[in-house]
Amino acid sequence: MSWTPLETDDGSWTLRRARDGASCHSTAGAWTQACERYAAPCRVAELGSERGVVRVLEVGTGLGLNLAAALRALAASGARLEACSLELDSSVIEASLDLPQGPECARWLAPVQGALRVALERRDSRSCELEPGLGLLELRLGDAARSLEELDAGRFDAVFFDPFAPADEPRLWTRAVLASVARAMAPHAILSTYSAALDARAGLAAAGLRVGQGPRVGRKAQGTLASFTAPLPPLHPRLARRIAARASRFREA
Ligand SMILES: C[S@@+](CC[C@H](N)C(=O)[O-])C[C@H]1O[C@@H](n2cnc3c(N)ncnc32)[C@H](O)[C@@H]1O
C-alpha cells in the first residue's frame with residue numbers, strides 16, 4: 001500500500017492512503033488529536049496514578065501517535081503502559097517511521113517506534129518493550145475484526161477506537177465488532193472514538209455500554225465516549241433517546 005505524508009495544522013505529520021485519500025488524522029492536528037481525542041478523555045493520566053499500570057487497546061495502530069500520547073500522559077505518575085494495538089497493514093507503520101515530527105511528539109513517539117520496529121522484524125504478537133520502565137507494546141497484525149475475538153474479556157482499562165471512517169472501513173463498525181471491543185473492556189474502561197455516527201453509537205449501546213459525548217477537537221465538534229460504569233459527559237437527551245431506540249432495534253434484529 002502506498003501512503004503520502006501530510007503536514008497538519010499543529011505542525012505534526014500524518015499519512016494519507018494513496019488509494020482512496022483516507023487520512024490517518026484530522027488535518028487540524030495529528031498530535032493534538034492523539035492527546036485530546038484519545039489519551040485525555042480515556043483518563044490515561046488518572047488511571048496511571050490510580051493503578052500504576054494502564055492496559056490500552058488500540059484499533060488501528062497507524063503512526064503510533066495515540067500510543068505516544070498515552071506515554072506522555074503517564075510520565076507524571078511513572079506508571080507503565082501495557083498496550084495491545086491492532087493493525088491490518090504494516091506498510092503504514094513502515095511509512096511513518098521517517099516522518100519528521102516536532103520535539104514533544106518525537107520524544108514520546110521514539111519508544112513506540114522502537115517497539116514497532118522490533119515487532120515488525122519478529123512478525124509475531126509477542127510483546128515488545130518500550131523504553132526500560134515505560135511498559136510493553138503488543139502489535140497484532142491482521143484484520144482487527146479477527147484479532148478482537150482472541151482478546152481476553154475485561155482486560156483493558158482504555159480503548160482508542162481509531163480505524164478509518166465507517167464509509168472507508170465499514171467492516172470495523174459492525175455491531176459484532178463493537179460487541180467484541182466491549183467484551184474486552186474492564187467495567188471502568190472508557191472507549192474514545194472520533195466518530196459521532198448514530199449507528200456507531202447505537203452499536204456501542206447495543207453492546208451494553210453507556211454512551212457519552214467526546215470532546216471538541218480541532219474542527220470536529222464532538223466524538224463519542226463509551227463505558228460500562230465510568231461517568232461520561234452526557235449527550236443531549238433527545239439524541240440519547242434516538243440512540244437508545246436504535247440500539248433496541250439492533251438488539252431485536
Ligand atoms: C486513523 S488510522 C490510525 C491512526 C493511529 N491510531 C495513530 O495513532 O497514528 C487507521 C488505521 O487503521 C488501519 N486499519 C484499517 N483497516 C483495518 C482493519 N481491518 N484491521 C486493523 N486495522 C485496520 C489502517 O491501516 C490505519 O493504520
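# A walk through the predicted model

R123 is placed in the loop between α5 (103-122) and β5 (128-129). The model is a predicted one, and R123 has a positive phi of about 55° in it, although R123 is not a glycine. With a relative accessibility of 48%, R123 counts as partly exposed, because the partly exposed class runs from 20% to 50%. A positive phi is also found at R43, about 60°, and R43 is not a glycine either. R43 sits in the loop between α1 (30-39) and α2 (44-51). Its relative accessible area is 33%, so R43 is partly exposed.

From these two loop positions we turn to the chain as a whole. The secondary structure comprises nine helices and ten strands. For 253 residues, a compact globule would have a radius of gyration near 18 Å; the chain has 17 Å, which agrees. The C-alpha trace spans about 45 × 40 × 30 Å along its principal axes. Of the 253 residues, 53% are buried. The chain exposes about 10,800 Å², and carbon and sulfur atoms supply 51% of that area. Among contacts with a separation of 6 or more, 65% are between residues 24 or more positions apart.

In soluble globular proteins, nonpolar side chains tend to be buried together. Here the largest nonpolar core has 86 residues, and W31, L57 and V112 are those with the most contacts inside it. Leaving aside neighbours within four places in sequence, V112 is in contact with G64, L67, A68, L71, L130 and L137. Three of these partners lead to helix α3: L67, A68 and L71 are listed among its buried residues. Helix α3 covers residues 65-74 and is mostly covered, with nine of its ten residues buried. The other buried residues of α3 are L65, N66, A69, A70, A73 and L74.

Strand β3 offers another view of the interior. V56 lies in this strand and has a relative accessible area of 0%, so V56 is buried. Not counting residues up to four places away in sequence, V56 touches L81, E82, A83, C84, F156, A158 and F160. V56 and S147 are 91 residues apart along the chain, and their C-alpha atoms are separated by 15 Å.

Strand β3 (53-59) is also one of the elements that the buried residues of α7 pack against, together with α6 (144-149), β7, β8 and α8. The residues of α7 that are buried are V177, L178, S180, V181, A182 and A184.

Strand β8 holds H188. At 24% relative accessibility, H188 counts as partly exposed, because buried would require a value under 20%. H188 touches L47, R51, D157, S227, T229 and A230, not counting residues up to four places away in sequence. L172 is 16 residues from H188 in sequence, and the two C-alpha atoms are 23 Å apart in space.

The aromatic rings come last. A pair of aromatic rings is described by the distance of the centres and the angle of the planes. The structure holds four aromatic pairs. One of them is formed by F161 and W173, which are edge-to-face at 5.0 Å centre to centre with 90° between the planes. This pair links distant parts of the chain, twelve residues apart: F161 is in strand β7 (residues 156-161), and W173 is in the loop between β7 and α7 (175-184). Both rings belong to buried residues: F161 has a relative accessibility of 1%, and W173 has 10%.

W173 also pairs with Y194, again edge-to-face, at 6.1 Å centre to centre and 75° between the planes. Y194 lies in the loop between β8 (185-193) and α8 (198-206), whereas W173 is in the loop between β7 and α7, so this pair ties together parts that are 21 residues apart in sequence. Y194 is buried, with a relative accessible area of 16%. F161, W173 and Y194 form one aromatic cluster.

A further ring takes part in a contact with a charged residue. R107 lies over the face of W108, at 4.1 Å from the ring centre.

Notes. Residues numbered from 1 in each chain as written. Predicted model: local features only at pLDDT ≥ 70, side-chain atom pairs only at ≥ 80, totals over all residues. Heavy atoms only, no water. Phe/Tyr/Trp six-rings, centres within 6.5 Å; stacked < 30°, edge-to-face > 60°. Helix = DSSP H or I, 4+ residues; strand = E, 2+ residues; numbered from the N terminus. Buried < 20%, exposed > 50% of the residue type's maximum accessible area, 1.4 Å probe, protein only. Lys NZ or Arg CZ within 6 Å of the ring centre and 35° of its normal. Rg over C-alpha atoms; globule rule 2.2 N^0.38 Å. Contact = heavy atoms within 4.5 Å. Areas by Shrake-Rupley, 256 points an atom, 1.4 Å probe, with all protein chains shown as cover. Core = buried A, V, L, I, M, F, W, Y, C linked by side-chain atoms within 4.5 Å.
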